[in-house]
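Hello,

Here is the structure I promised to pass on to you. Please open it alongside this message, and my notes on what turned up follow below.

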Amino acid sequence: MQAPVTETTGNKMSDKNTLLAVLQLLRKYNLKGTEEQLKKEANLTDVVSTDDTAQTDSEVSSVLSAYKSEGDPEVYEGAYTELKRFVEGALDIYKHELGMILYPVFVHMYLELVYNGHEEQAIKLMERFGPDQEEYYQADLKRLSYVTKKDHMKGNELTDTFKSSEFIIRMSRDTLSILKRHLQEKKHSVLLNIIQEHLYFDMYEGVARNKQQIEATAGAIVGEATRQDNKAKVYYGLLKEPDIQYLPVEEEEDGEGDGADKPKKKKAKKDPLFSKKTKCDPNAPLLCRMPLPDLKDADKLEKVKALREACKRMTLGPDTLPSICFYTLLNSAGVVTSAEVSEDSSLLAVGFTDSIIKVWTLVPQKLRAMKSAEQLQDIDREADDVLVRMMDDRSAETCRILHGHNGPVYRVAFSPDRLLLLSCSEDTTVRLWSLQTWTCLVCYKGHIFPVWDVRFAPHGYYFATAGHDKTARLWATDQHQPLRIFAGHFSDVDCVQFHPNSNYVATGSSDRTVRLWDCVTGNHVRLMTGHKAPIYSLCFSVEGRFLASAGADSRVLLWDLAHGHLLAELTGHKGPIHTLAFSRDGHILTSGSLDCSVKLWDFSRLAEEMVLEDVNVSHNPDIKKSDSYLLRSYGTKNSPLLHLHFTRRNVLLAAGMYDGS
């Protein structure tokens with residue numbers, strides 16, 4: 001008969017503490033009338049002493065996230081055993097959905113025991129039921145097992161996430177009613193408290209999901225995405241191309257002659273095709289939605305050049321696989337952190353752990369620096385080749401070194417016009433470098449921890465960063481403060497990528513979720529769960545509708561941005577995947593891994609077989625898993641892959657460091 005008495009006493013004490021904390025809060029904000037009223041109604045007029053006041057100072061901050069004590073720490077193990085037995089004994093149709101509550105309930109029971117000082121029972125609970133949880137939660141549970149005292153919980157990323165965020169479970173109406181009935185019958189206050197306060201059920205009408213459908217979206221730190229997370233409209237179409245694409249045709253027509261006839265016809269046919277495709281895209285955002293920089297004359301010439309190159313492009317497919325050119329970095333194992341090839345494939349930049357950046361030229365033209373100010377005064381500014389005259393031929397080199405960071409350089413990124421280079425580092429800064437003067441122009445300070453990734457927008461001017469502070473940020477090159485801070489991830493944001501239309505930014509995180517953010521509003525418009533480990537690489541398809549993501553779980557996942565659901569899972573790699581690239585025609589997806597291999601996937605076939613219309617999002621459509629999409633796998637001798645890049649003519653460039661060990 002003792003247990004109920006103890007339990008009631010414990011509850012009374014915790015209720016009293018809660019009331020005292022509320023009173024303290026009212027006093028803090030000088031709400032005297034409300035304070036007096038609450039004291040009167042709760043019979044606390046004579047209770048509040050100085051001791052209570054001192055004690056409740058700390059309670060104020062933690063009262064909302066505090067764990068209630070059940071008095072008897074021994075009831076937890078029994079309650080969890082019974083819940084497990086109930087799930088395992090349920091009908092097969094409901095069993096898998098009911099099983100989703102086991103992990104979050106277990107975590108919160110463990111934290112509740114730790115919070116209330118029952119260390120021995122908490123360790124016992126972890127040892128008995130921890131190994132039974134899903135494999136992809138084991139790393140989190142290992143980190144959690146080091147938290148054995150209430151003091152350990154302060155400032156701990158994982159415990160803070162669980163205390164402040166509800167674990168989201170998508171469940172059918174029938175499964176939820178079975179669970180409610182069981183809880184009401186058993187009347188386990190331990191379970192009821194946890195489920196009411198720390199779990200959120202996103203209920204849908206229809207048949208309960210099967211094991212495969214649940215498995216597809218499981219794995220994130222705080223469960224699945226709610227259906228509401230993916231309801232917003234996403235303008236994933238491409239922006240209309242400027243009219244300068246007709247220039248190459250006119251130039252070809254100027255040159256009279258029989259030899260010019262064939263290419264002329266070819267180009268005349270292709271150019272309207274380009275404009276037609278972009279004109280008719282109903283899913284594209286308005287041109288004025290996101291302010292983009294105007295094209296300079298040099299940019300227009302570059303576009304003309306790119307279109308000419310595109311006309312000579314190989315169309316890839318299962319029968320015509322790309323040639324691969326692999327750049328191996330020798331004597332650099334454990335020293336190289338990142339590599340990047342410029343859009344026109346003329347430059348290669350590499351970041352090192354000793355804080356330097358090296359830039360190599362991949363074409364015969366050497367890297368030249370700008371002339372001194374005195375020499376520039378003598379140049380005729382009206383000359384057609386003024387940009388060429390500005391450069392000093394005596395300074396030509398095949399490799400340049402950039403000094404400035406004081407920590408490992410984790411990522412480098414070229415601007416679309418190749419005049420600028422961005423780099424991010426462990427020193428928490430992002431630097432903008434001029435590739436004409438070979439000096440640092442700006443040092444952006446905003447992140448307060450290491451910055452893992454930086455990317456230029458496809459249209460230039462804007463760039464995005466991702467860091468250890470759980471945020472991604474949108475910047476403009478001419479402003480030293482970020483324009484947007486994308487906050488919502490529960491752990492490091494490991495990678496960031498711009499959508500081809502520059503209106504959206506995708507982020508991949510160690511919380512095992514992929515999010516899509518709207519650059520204009522700053523809100524997240526898609527939340528995609530399914531990865532079972534941190535995400536290291538993202539890549540948008542050429543037409544902008546699909547997103548590929550990959551990471552430490554050695555899988556490539558393909559998402560449909562229209563509804564935010566998973567379409568396909570490509571497996572085969574044996575190590576973490578750090579780079580993805582779509583061919584310029586969008587037919588082939590390539591992935592490069594630390595297992596020293598490059599894999600080529602038949603994306604055009606995959607896209608044809610996807611069911612994209614009338615999708616039942618709440619059930620997760622069937623996911624393509626066939627190995628038949630793998631076209632070819634190429635292995636290097638012993639060089640883990642750092643970067644993949646398709647040239648304008650569809651040659652695949654790859655970079656990696658040779659690891660002799």
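**Salt bridges and sheets**

A search of the whole structure finds 31 salt bridges. Please keep in mind as you read that this is a predicted model. I picked out three of the pairs for you, and then two of the sheets.

Let's begin with Arg227 and Asp202, which form a salt bridge in which the closest N and O atoms are 3.4 Å apart. Arg227 sits in the loop between helix H12 (211-217) and helix H13 (247-254), while Asp202 belongs to strand S2 (residues 199-204), so this pair ties together parts that are 25 residues apart in sequence. How accessible are the two partners? Arg227 has a relative accessible area of 27%, so it counts as partly exposed. Asp202 is buried, because its relative accessibility is 8% and the cut-off for buried is under 20%.

The next pair is Glu224 with Arg209, a salt bridge with 3.0 Å between the closest N and O atoms. Here too the pair links distant parts of the chain: Glu224 is in the loop between H12 and H13, and Arg209 is in the loop between S2 and H12, 15 residues apart. Is Glu224 buried or exposed? Glu224 is buried, with a relative accessible area of 5%. Arg209 is buried as well, and its relative accessible area is 0%.

The third pair is Glu302 with Arg418, whose side chains meet in a salt bridge at 3.6 Å, N to O. Glu302 lies in helix H15 (residues 297-311), and Arg418 lies in the loop between strand S10 (409-414) and strand S11 (420-425), so the salt bridge ties together parts that are 116 residues apart in sequence. Glu302 has a relative accessible area of 18% and is buried. Arg418, at 22%, is partly exposed. The cut-off matters for this pair, because buried means under 20% relative accessible area.

Which residues are linked with Glu302 and Arg418 in a network of salt bridges? The network also takes in Glu343, Asp344, Arg584 and Arg648.

As background to these pairs, side chains of opposite charge can pair when their charged atoms come close.

Now for the sheets. One of them is an open sheet of four strands in the order S14-S15-S16-S17, and its pairing is antiparallel. Its edge strands are strand S14 (451-456) and strand S17 (484-487), each of which pairs on one side only. From one strand to the next, the twist averages 20°. Within this sheet, strand S15 (residues 462-467) and strand S16 (residues 471-476) pair in the antiparallel sense over five bridges. If you would like a place to look, Tyr462 stands opposite Ala476 in S16.

Another open sheet is also made of four strands, in the order S26-S27-S28-S29, again with antiparallel pairing. Strand S26 (577-582) and strand S29 (630-635) are the edge strands, and each pairs on one side only. Neighbouring strands of this sheet are turned by 15° against each other on average, direction ignored. Where does S28 come in? Strand S28 (residues 597-602) pairs with S29 in the antiparallel sense over five bridges. Among the residues involved is Val598, whose bridge partner in S29 is Tyr634.

Happy browsing, and do write back with any questions.

Best wishes

Technical notes:
Residues are numbered from 1 along each chain as its sequence is written. This is a predicted model: local features need pLDDT of at least 70, side-chain atom pairs count only at pLDDT 80 or more; totals for chains, interfaces and linings use all residues. Side-chain values use heavy atoms; hydrogens and water are left out. Two strands pair if DSSP finds at least two bridges between them. Axes are lines fitted to C-alpha atoms, for helices over the stretch in contact, and angles run from 0 to 180 degrees between N-to-C directions. A salt bridge is a side-chain nitrogen of Lys or Arg within 4 Å of a carboxyl oxygen of Asp or Glu. Buried means under 20% relative accessible area, exposed over 50%, partly exposed in between (1.4 Å probe, protein chains only).
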